[in-house]
Structures are given as C-alpha cells and as structure tokens.
Amino acid sequence: MALKTEQMVLNMGPQHPSTHGVLRLELELEGEIITKVTPHIGYLHRCFEKHTEAMTYPQVIPYTDRMDYLASMYNEFGYAVAVERLLGIQVPERVDFIRVIMGEFQRIASHLVAIGTYGLDIGAFTPFLYCFRDRERILSLFEMTCGARLLYNYIWVGGLSHDLHPDFVRSAKEFVTYFRPKIKELNDLLTNNKIFIDRTANIGILPKETAINYGISGPNLRASGFKWDLRKDDPYSIYNKFDFDIPVGQGSMGTVGDCWDRYYVRILEMEESLKIIEQALEILPEGDVTSAIPKRIKPPVGQVYSRVENPRGELGYFIISNGQVNPFRIKVRGPSFVHLGVMNELCKGHMVADIIAILGSIDIVLGEVDR
Amino acid sequence: MTYDFFFNLTGSYVWADIIQSLLPLFIFILPFALFAVWLERKVSAHMQDRLGPMRVGKHGWLQTVADIIKLIQKEDIVAENNDKPLFNLAPVLVFVGTYAAFAAIPFSSAYIGSNIDLGVFFIVAVSSFVVAGILMAGWSSNNKYSLLGAMRSAAQIISYEIPTVLVIITIVMITGTLNLGTLSEMQTGHFWNWMIFGGPTFGLTKILLIPFMILAFGIIYTSTLAEVNRTPFDIPEAESELVSGYHTEYSGMKFAMFFLAEYANMFAVSAIVAALFFGGYQSPVGYLGNLFNIPWLVPVEQLFWFTAKGLFFVFVQMWLRWTLPRLRVDQLMQVCWKYLIPLAFVNLIVVGLLTLL
Amino acid sequence: MREYFNNIWTAVITILIGMKVTFKHLFVPAVTIQYPDVKPQLPERERNRLYVNMDDCIGCDQCARACPVDCITIETVKGLPGEDLGKTSNGKKKALWVTKFDIDFAKCCYCQLCVFPCPTECIYMTDTYEFSEFERNNLLYDFVTLTPEERLEKKANYEKYEAEKATEKAAAKTQPTNKTAETKE
Amino acid sequence: MKTIEEIFNLLKEKFGDAIIELVSNRPVESFIVIAPLEIDKVCLFLRDNEELSFDNLMILSGVDDANGKNVPDEDGGTKIEGGTVSVYYHLESTKFRNKIALKVSALRENPEVNSVESVWRHADWHEREAYDMIGIKFLNHPDLRRILMPYDWEAGYPLRKDYKNPEFYQGMKVPY
C-alpha cells in the first residue's frame, strides 16, 4: 500500500536570513528534497530604467550605484564606458588607470562579500567577519579618494570626479601586501575545510553548455570550465595592458561547475586582481583626470550595447539616444538578474540546505536583480 | 553530606529536599548560563577581531543580565494557530530535561544531587526529554520552518545517543559502575589515573588503552556536540536555512528558557565528558586542603576543578562553533551511522578484549 | 576503505587547522571601535551633510538642476535696480535675493553632483554625519539668511516694482497710441 | 568572422522577406530589422549555423519607440496612438568573437513577437521583463507573467512613454 504523501510548499523569503536581500523562493518539497524552485523577484524594484528617462546622462550615475550596491564602482565604470562609446570620446590615460585600479579593488571587495556571506550561508560565521574587516579597508581607500564608502559617484562620463588622494598609492600598496596572507588564512579556515567541501562540492552543478545557453557570465561561467573573461575576450578600457590569468573551475573537489568551484574561482580572482592593481600602481601615468569631461552631454541619435566584466559577470548597458540630453532608453543587463534565472535548473533534486549553498554560490545582489 | 547539613539547618526533610534540589539551579545553572552566554559572545568577538559587548559593566559582563531583564519584560507572543497547550509546555519540558540531568552530576564529593547507581544511564535517559520538548515546540508552532527544525532535531538527537551510549558502555566495561560519583572516585589521585589515560589500571593494559580512550573521547565529544545542537551539528536551528529552527515562534521568557536550556545542556554534556574521561571533580595534581589539612577546602577545590573542566569543554564547543561551517542533514546522519557508530563498536570490542588481558 | 579513513583524517586535520586560525585571532587586537565614544578620523574629502554659505550664493539654480533627486528647491527674487546686494567672496556681483533655499536631506543621496557646478563654491559637503531626526520634516533644512518678514518684503518690493514698471509700460504703450490717434485727427 | 553585411545577405538569401532591412547609418551600432513572427526561426538559424554559431544572447531589450501620434486623453495628459514597440536582440558568438544586433518591431496596440526562449533559455526572464515593462506579448513563451511588477498590476506597462501612475493599487495610495 502506497502511503498518501503530499508536496510541501515552502516559502523562502521575502524575509529570510540567507536570501541576500528581498527574494522570495517558492520551494516545492518532497520531504526535504526540492522538486521545483520558483523565484519571485521585484520586491526591490526602484524603477531605475524609468527614472533614467527623466535624467540627464551625468545624473544617471548615482542611480547606477544603487543597482549592484556591492560593486558600485564597476556599475559606474560600465555606464561611463557605454556613454563614452556613444559620444565617441577618448579619456586620458590616467583616468583609465585609475578606473582599472578602482574597478579591481571593487572586485576584491565584492568577492570578499560573496565569499564571506557564502561562509555564513554554510554556517561558518567567522570568515564572514574576516572578509568584512578586509573589505572595510578597501572601502576606506575609496572613501579617501571620493568621500563615500558605498555609493561613490566617482567615475564620470569622460573622467573622474576627483584625482587620487596623494596618499592613495602608498595606502593601496600597503593593502596589497596586507591582503595576500589573508587569502591564505581564508583558505585554511574555510576553503579547504572538509565540512565546507562536503557541503559545496558536487552541489548545483552547472555544465558549460547550459551555462552559455542561460547567459551565465563572470565567475559562474568560468567555474563551469569556460575560459571567458570580457577583460581579455572583449577588452575595454586598458585591460589589455596588464598581465593576468583567468582562473577557471577545475572540479578539483568534485565536478566542474559545482558550488565549490564557483566559490574557489572567486578566491583565485582576488589574487589576479591584486596582480592587476600592483601593475597599474607601478606605471600609473600623470595627467588631468577631469580634462575630457564634456560640459554638456548630448549624444547623437544612435544606440550602443556596451558591456564590462562586473565582479558578478557581464554587466551590459543598452543605451538608445534620440539626440536629447536625456537618454531615450537604458536597459541594463544585470548579471545577477540573469544568474537568478538558472536557480530552478540548479536546485532540482537537492535539499533545502543546498538551496542556500547554491543561492550563495551564484552570488546575486537583489538590488541589481530588481533594479 | 550537604543534605545532612540542610537537614540540620532547617530541621525538616521536606525543606532539605527542596533546597538540595534547587541548589544547582540557583548556584549553578543560572549563573553559569549567564556567564556562558557572555563568554560565548566574548569568545566569538575576539576570534573575529571584534570587541563584543562592552557597555554594560566592565567588558560587558552584565550584558546577559540586561538581556534577561529585557526578555522578561517582553511580550509573550502566541500566534493564533499555535497549539497552545503544547506551545506553552514545550519550553518547560526542554528545560526540565536539562535540569533533571544535573541531578546526577557529581559537582564535588560533597554534593551530588542524587547519588544513584544508574547515574550515567539516568542522564542519558532524562535528557531525551529534550527531544520531546523540541518536537512539541516545532509542531505546535504551526510553522514549516519550526517543524523542519524539530524533525531534524529529533532525528539527530536520537541517532547520536547511540554512539554516546556505546562509549559509555566502553567506560562501564572498564570501571564496572554506572554511578558517576564512584566513577569520579575511581579516577582519584593524579591525572594519570584519569580514564583518558587508561584509568586506574596498571601495566601494559593502561598503555594499550590510551589510544582507544582518546578515540572514545573523540566519539563521545562529537556526539554530545550533536546532542546539544552545536555547530557543526546545529542544523535544527541552522539560522541561514531554517531562520531559527524550532524556537522561531517563541519570544520573551519562553525563548529565554530554550536559551537557558541550551547553555545548561552544554555544561551538562561537558560535565559528563569530564566525569567519564577527565576524572570528574578530581584535581589533576592534588589538593591544597589535604596539604594544609583543611578538610572543608577539599570539596570546594573539587567544585573548582569540576567547573574548570566543564568550562574548558564548553569553551572548546564555542571554539568549534566559531570555526566550522555546518553539515547538511543527510551528512549529519552519515557522520553518525557511517563513522561514529562503527568506530564506537570497534572501540567497544577492542577495549573489551583489552580489559580481559 | 582507504577513502573512509582518508575522510576521517582530512576532516580532523582541516578542523584542527581551522581551529588554529581562530585561536590565533583570540589574541589579535580588535579592529572595531566603540563608536559613539571613539570616532573614526574622517578623510578630508568626506561627503556628508551639505552646507550652503548663503553669503556667496548668487541664486543661479545650477545645483538644483544638477540634483538627480530634486532635493534642492531655490526661489529667487530679482533685486531692485540700484539696490546693493553685496558681492560674493570671489568678486561676483549678486543680482538676486534668494528667498528660498531648501535642501531636503531625507531625499538627498549625497552624490556631490550639486557641488561641482556651483560658480561661487558656496555649496559644499561637510563631515557632519550624525543628524538623524525623529520627525522627517526636521530634515528639511532652510539655508536662507533672510528672516521670513524680509523675504516677504523683498517679494512685495519686487512685485511693486514690477507693477510700477508694468503700469509705466502700459502708460508708455497707451500714450503713443493716443498720439497716433491725435495725429490722425 | 563575418561582418554584419555578410550576415544580412546570408539571412536575406535564406529567409527572404522576413529580413526587412539593415540599418547601418547610425553611430556606434548597426542592426538588422526582422519580421516579428519570424524571429525565432532566424535566431535558431543564427545559433545553429556552423559559420555563425551565435550561441550567446547577450541582452534582449524591449523598447517603446514612441513614434506614434500624441493625442490628448481624458484626464488632461497625452497618450500615444499608433506607432510601434521594438525588441532588440544582441547576439554574440563565443567561438568567433562576433557580435550582432537584431531588431523586431511590432504594432503598439497589440505587439506580438515570437519568443526565442526555446533558442536561448536566457531570453526567458528578459522576455518576461519586456512583457512586464513594455507589454510585448511573446508568443510560445511558456510562462509569460509579470516579473518585476506585482502580478496583479493593472495600470499598464510602466516603461511605455505615456504610462501614468495609478492613483491606487490594492487600496494603497501610489503617489507619495
């Protein structure tokens, strides 16, 4: 006789400790095994795209900050690159260098949050605080440069709002030397921990073909074993001047493209970012950072899709201009938005606890999902 | 000994009984829980390069007192669809289970709440009350997260009792007693008489026993960790998955009772481990009381040593908590059934053979 | 079987390594500070509450137009001819009475976009960051130095002046038409 | 790597009238305009053709072209009548490092575009967003619901240029 069983529908969120914001996941459970995940998003919708239609081009920048609030610097970077391509202006070399330095610092800061909160999701509290301690130092560097810790409005179309602080180069070098041993400590504490590996290896495997079909990009795509980094494969700014590797998932603890790989790619990327920062600090040219900022931004009728390698993946801005001071339409391809779409595929057949591990490993920021 | 003292003091058996049974609560469990919560916060803070509570009292040592006062003042929220009798009973049951376990714990040679011959067995049995309480809490909360937490917890605690009991049997095989007082007395003298170093046996057996005793200690410490729901086995209240597990819906004093029970339980299991393997209340080096011939000092010193040992293991529990991630529910069962239980069995057999030597 | 013991071994070893790391940190001095008692040193470019130096403000409205959230509201009244409104510190002559200069800090996003276009550098960001209020209305800051009576007076003055000018103009307009009418006759 | 002209000619050969025009006189980006009900076949071809292999859909964006007539409506504002709404597809070939943009336009009153969800799963959420924001109906989409707005939002499609905020939503006042 078959026992009559019933599927349990569990609402995870919108208020839940590890949905990284206000995300609601509707789980259909067979005991603790998941049969279906339906993400419901939009709780943090702030009408970014509608707002931009009433803004001038420079006024959009503070709004881009608020999308992926863990990588604000890179959002501005991407937006500035897009509008510059639309305008066809070339920025001074120093601006590009500073942008790259800031962008890579932001990448480290963002990955630190990703790694730290991932540890928290798995249940390790301490790495989270170590990561935040180091992130605070990066934020202090930003604060020293532009006066804000989270929402910078630093990278402008055609330039930067401020030049570097005179102490910046020294402090940045200090940070690089300070931070290298910390990565090792993090590996000791979390990455190589047997419990952590058991929780993350062979969980949420994302094969390469599926990943491309789903539009996955950034560290998540690289963890699936596909060497694809826009900094190398579609170079923007001056990334082609630097020497760095693109870490890809090896499946060393389980299968290629599992949660552990996605986590570990981020760790390796932090080291690569340190390399880029070191090189950029060495050859930082002199120059005026505000000289190329146009007085009045009024692009010609046209459109551009421009993308950059955000810490989370491919951040693209699709801008249509109708020749006015306001953009006609800005559509953002947020990596988090795209990555969240693959949740159902990843979670099927796993347990409730794995949802947390998977959601943490794809590293979404709800501000960017909902815009 | 203390019983006679209270009897002489009050002149009534009833009063002596009451005082005797309330003694651990007021002298030990409450202050310990307050202290342990503070310690947990400080340990976690310093391990994470933070300061932790600093405002209430010097280095925040009164913080938990303030918290308890806050919890007492809080509204006791009972949701409409809760199963109210069970909902109210659950924290009491959890606390009773923990509190009753203290009855058989030998704090010092002068004070054992109830010096029964089935001491260890009693503790193991009575602490199973906690499972019933947790299940009740989870069920009556009428909340899916609580229910999941409670079910995980029940499965976990029951499973992990098996390796615990197997290790206890191992010890009993060597000592031949279940009485914790006698067990502690057997390990008297110096630290090399502790069970972890082979107990009060001599010769080759002792040396051969040491590795197996260390293994047994590892097993029992791991499984007691799981029994009190501490990291890495804290999945019943895994805050990142189940919000707060079985006590999600509780507030105010009822929540405080769960909290108190958790910390009291931490000490209870540490005390068992200390009593079984580390000589209970026995000093590792000898007593000042004996040295200076002050008889009343000895039980006090014993209480100190017992508390110190218990606290050390509580500290290790905290240390583990702030270091490790948590396991998944099926992995937790795997650790128990595939690793701990077979090892405990093997250990049991080997130790059994060794004692025959 | 080998894997079985290997699992146990790696588990124990990695746990011990982790415990070593956390134990070391027990003795590392804390990086946090006790905030209201100890305050961090803020960098000089700190971006917090805006301040407007009204002595230098010429009422040009550029900051209000740059603001992406419209938190600055400026109203101005033209000065009467011959009236001396003073000069800004960099020598610009003022021509407008600023009768309203409100910044709503409940809306302000501290982006600093208002600071850069200012021709007299009279609006800038300070390092005051503790200004939370219980009433949202209290976050509406009024920077105008004129008293409410003065503001009304300036407005009335200008209206009167406008009215006078209008009547003059009207008079000027009607007169020539009269003249033409006269000449026609 | 093929240029956009070559791809246009190739598509024109294969699909004939479904390929409407190649717009290449605007700054920065050129695109091919395609008939809305043929887009899925064209995309499948672009993905599976060995020489093109556009395996990655970078972005799919719905745009309100606002090229109709402005007419005053009942409550004093203006609304747009006629004209089109469009969908832009930006494709990329990870093999050949080649990029291309496509555009389809549909009538504003009842825009219907074939879904490319079966070609790239990535399009799923982007199409839902375009439906949510612009009101483009993607035929053959398995799960076309609103995504960012509440499921029971009845006041229209926010990113249309003539969108007006409703007074109330579920009894809550909307403009604050």
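A polar contact is taken here as a pair of N or O atoms within 3.5 Å; within protein, one of them must be able to donate a hydrogen and the other to accept it, and residues adjacent in sequence count only if both atoms are side-chain atoms. The structure is a predicted model, in which local features need pLDDT of at least 70 and side-chain atom pairs count only at pLDDT 80 or more, while totals for chains, interfaces and linings use all residues. Residues are numbered from 1 along each chain as its sequence is written, chains are lettered from A and ligands numbered from 1 in the order in which they are written, and side-chain values use heavy atoms, with hydrogens and water left out.

In chain A, the side chains of A:Ser161 and A:His162 make a polar contact of 2.8 Å. A:Ser161 is placed in the loop between strand 5 (159–160) and helix 6 (168–191); helices (H or I, at least four residues) and strands (E, at least two) are DSSP runs, numbered from the N terminus. Its relative accessibility is 6%, so A:Ser161 counts as buried. The classes are buried, under 20% relative accessible area, exposed, over 50%, and partly exposed, in between (1.4 Å probe, protein chains only). Leaving aside residues up to four places away in sequence, A:Ser161 touches A:Asn153, A:Tyr154, A:Trp156 and A:Thr290, and also C:Phe116 of another chain. Contact here means heavy atoms within 4.5 Å.

A second serine of chain A, A:Ser336, is found in helix 12 (residues 335–340). A:Ser336 counts as buried because its relative accessibility is 0%. Its side chain is joined to that of A:Glu368 by a polar contact of 2.8 Å. Beyond residues up to four places away in sequence, A:Ser336 touches A:Arg312, A:Asp363, A:Ile364, A:Val365, A:Glu368 and A:Val369. One of these, A:Asp363, follows helix 14 of chain A and has a positive phi, near 55°. Helix 14 (residues 352–362) is largely enclosed by the rest of the structure, because 11 of its 11 residues are buried. Among them are A:Asp354 and A:Ser361, as well as A:Ile355, A:Ile356 and A:Leu359.

Chain A is also one side of an interface with chain D. Of the 4 pairs of chains in contact, chains A and D share the most contacts, with 42 residues of chain D in contact with 42 residues of chain A. The two chains bury about 3600 Å² between them, 57% of it on carbon and sulfur atoms; buried area is the accessible area (1.4 Å probe) that two parts lose on being put together, summed over both. D:Trp125, D:Leu148 and D:Leu159 supply 19% of the area that chain D buries against chain A, more than any other three residues. Chain D does not touch chain C, the nearest C-alpha atoms being 13 Å apart. Chains B and D do not touch either, and their nearest C-alpha atoms are 25 Å apart.

Cavities were searched for on a 1 Å grid over the protein atoms alone, a cavity being a set of points where a 1.4 Å probe fits but cannot get out, with lining residues having an atom within 4 Å of a point. Grid points are joined across faces, edges and corners, and a volume is the space filled by probe spheres set on the points. The count comes to 7 cavities of 30 Å³ or more, and the largest holds about 160 Å³ of space. Of the 16 residues that line the largest cavity, B:Ile123, B:Ser127, B:Glu227, B:Asn265 and B:Val269 are the closest to its centre. At least two lining residues come from each of helix 5 (119–126), helix 7 (144–175), helix 9 (204–227) and helix 11 (252–277) of chain B. The lining of the largest cavity divides into 10 nonpolar, 4 polar and 2 charged residues, where Ala, Val, Leu, Ile, Met, Phe, Trp, Tyr, Cys and Pro count as nonpolar, Asp, Glu, Lys and Arg as charged, and the others, Gly among them, as polar.

The second largest cavity encloses about 90 Å³. Its lining includes B:Glu227 and B:Asn265, residues also named among those closest to the centre of the largest cavity. Helix 11 of chain B gives the largest share of this second lining, 4 residues.

Helix 4 of chain B contains B:Gly97, which counts as buried because its relative accessibility is 0%. B:Gly97 touches B:Val126, B:Ser127, B:Phe129 and B:Val130, residues up to four places away in sequence not being counted.

Conventions:
1 Å grid on protein atoms, 1.4 Å probe; cavity = no way out; pocket = protein on both sides within 12 Å on 5 of 7 lines; lining within 4 Å.
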